[in-house]
Amino acid sequence: MSADMMNQPTIQIINGTILLPDKLIENGTILISGDTIAEITTRTTEIPGTTVIDARGNYVAPGCIDIHIHGGGGCNFTEGTVKAFQTISQVHAAHGMTGIYPTLEATSMENIQAAIHTCETLQGKPIQGATILGLHLEGNYLNRQMKGGQPAQYITLPNPAEYRELLANTTCIKRWSISPELEGALELGRYASDRGVLVSLAHTTARYPLVKQAFEAGYTHATHFYNAMTGVHREGEFKREGTIESIYLIDEMTVEVIANGIHVPPVILALVHKIKGAAQTALITDAMSAAAYPDPSRISETRMIIEDGVCKLADRSAIAGSIATADRLIRTMVKQAGIPLTETIRMASEAPARIMNIFNKKGSLAEGKDADIIIFDPEINAQTTIIGGRIVYQQS
């Protein structure tokens, strides 16, 4: 961006309650120049030529970043098409999402390659929706016993020739969820993490010795914490720790939670926040195609049904993905789990940005950072979404 552009604000947000990581600024103003936040101030000065957005006392916050999202608006990222990626990006932006990591469930290599091609085409580009930040593979290297809603026909053991070729031919794969107990999984963790991929343990029965070993091999994050992993349990007459307790014991390991109040009950969400804290806990939607759709029950998926505000396997044997949106995550944490709004916003924006190593540009409101900003009312309903200095959604 030129110095002239930096000196010429293009958007003013006025009369907002600005949410910074450590405080609120009442009646604050944010000046945006091009795609960047130029200034955060309590002054309001008329600047000719700018677009003025009157926040009317509503909250102004950094945009939400979802590091685990499968779909929305009737589309799924495994479709691999530009239309699917753009549709999902657009519908979630209307609920406060400004950046996403498209997530693929276990699927065919053909679908993975198609999604990689589309991700490479759209990644970081200005589209009328949440910015595509990179791809997340949730599979195909998963424990079948803990597959949950994952399609079993695509689940395999780690294949060095396969994953080495994938990582050699693209840089858009930014994270990979894997079951660390599988043969060859620790080697994969070391290989992928050495190449800048966030490796995350998932769909696992691993106990503490293996979780610790996996962490040392590059598994620094836990996928949908509390879901598709074991907790404390009995083996005969003895109690054994599960994956959950093992993750708590490793202070440096970060986690993500599906904060819809169903996958993880509100009291457990509060516990995760108490132990791991806002800086190490990312809120995710794990949203499926029915999310942000006018009538989710009309979405037809042969393996799943929409019931009780969540996706379930058709035989009701397990909860699958969610139909949550970013604003719902925030509402759940504040209104049901009792987490302060400033802490919740950190989990929705700062934590995922730190986990994905993009906090230098995204994840908080600060001068010089990307102008990814949301405005929402006291009931946490999205009013305006700004991405890269562009207004992509305004409530009519």
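**Exercise 1. Find which residues Ala 371 touches beyond four places away in sequence, and describe its setting.**

Step 1. Contact here means heavy atoms within 4.5 Å. With residues up to four places away in sequence left out, Ala 371 touches Ile 32, Asp 35, Thr 36, Ile 37, Ile 386, Ile 387, Gly 388 and Gly 389.

Step 2. A word on the model: it is predicted, so local features need pLDDT of at least 70 and side-chain atom pairs count only at pLDDT 80 or more, while totals for chains, interfaces and linings use all residues. Residues are numbered from 1 along each chain as its sequence is written, and side-chain values use heavy atoms, with hydrogens and water left out.

Step 3. Now place the residue: Ala 371 sits in the loop between α10 (341-355) and β21 (373-376). Helices (H or I, at least four residues) and strands (E, at least two) are DSSP runs, numbered from the N terminus.

Step 4. Ala 371 has a relative accessible area of 0%, so it is buried. The cut-offs are under 20% relative accessible area for buried, over 50% for exposed, and partly exposed in between (1.4 Å probe, protein chains only).

Step 5. Compare with Ala 324: 47 residues separate it from Ala 371 in sequence, and their C-alpha atoms are 24 Å apart.

**Exercise 2. Decide whether Arg 56 and Tyr 226 are buried, partly exposed or exposed, and look at their phi angles.**

Step 1. Arg 56 belongs to the loop between β4 (51-54) and β5 (59-62). Its phi is near 55 degrees, a positive value in a residue other than glycine.

Step 2. Because the relative accessibility of Arg 56 is 69%, this residue counts as exposed.

Step 3. Tyr 226 also has a positive phi, near 80 degrees, and lies in the loop between β14 (219-222) and β15 (233-235). With a relative accessible area of 23%, Tyr 226 is partly exposed.

**Exercise 3. Work out how the buried residues of α4 are arranged around the helix axis.**

Step 1. List them: Tyr 163, Leu 166 and Leu 167 are the buried residues of α4.

Step 2. Viewed down the axis of α4, these residues fall within an arc of 90 degrees, so they line one face of the helix. The arc is that of the directions from the helix axis to the C-beta atoms.

Step 3. Turn to the other side of α4, where Ala 161, Ala 168 and Asn 169 are exposed.

Step 4. Find the partners of the buried residues: they pack against α3 (109-122), β11, β12 (173-178) and α5 (185-194).

Step 5. Look back along the chain to the loop between β11 (135-138) and α4 (160-169), which holds Asn 140. The peptide bond from Gly 139 to Asn 140 is cis, with omega near 5 degrees.

**Exercise 4. Place Thr 254 and name its contacts.**

Step 1. Thr 254 is part of strand β17 (residues 254-258).

Step 2. Thr 254 counts as buried because its relative accessibility is 12%.

Step 3. Neighbours within four places in sequence aside, Thr 254 is in contact with Thr 220, His 221, Ala 222, Gln 280 and Ile 355.
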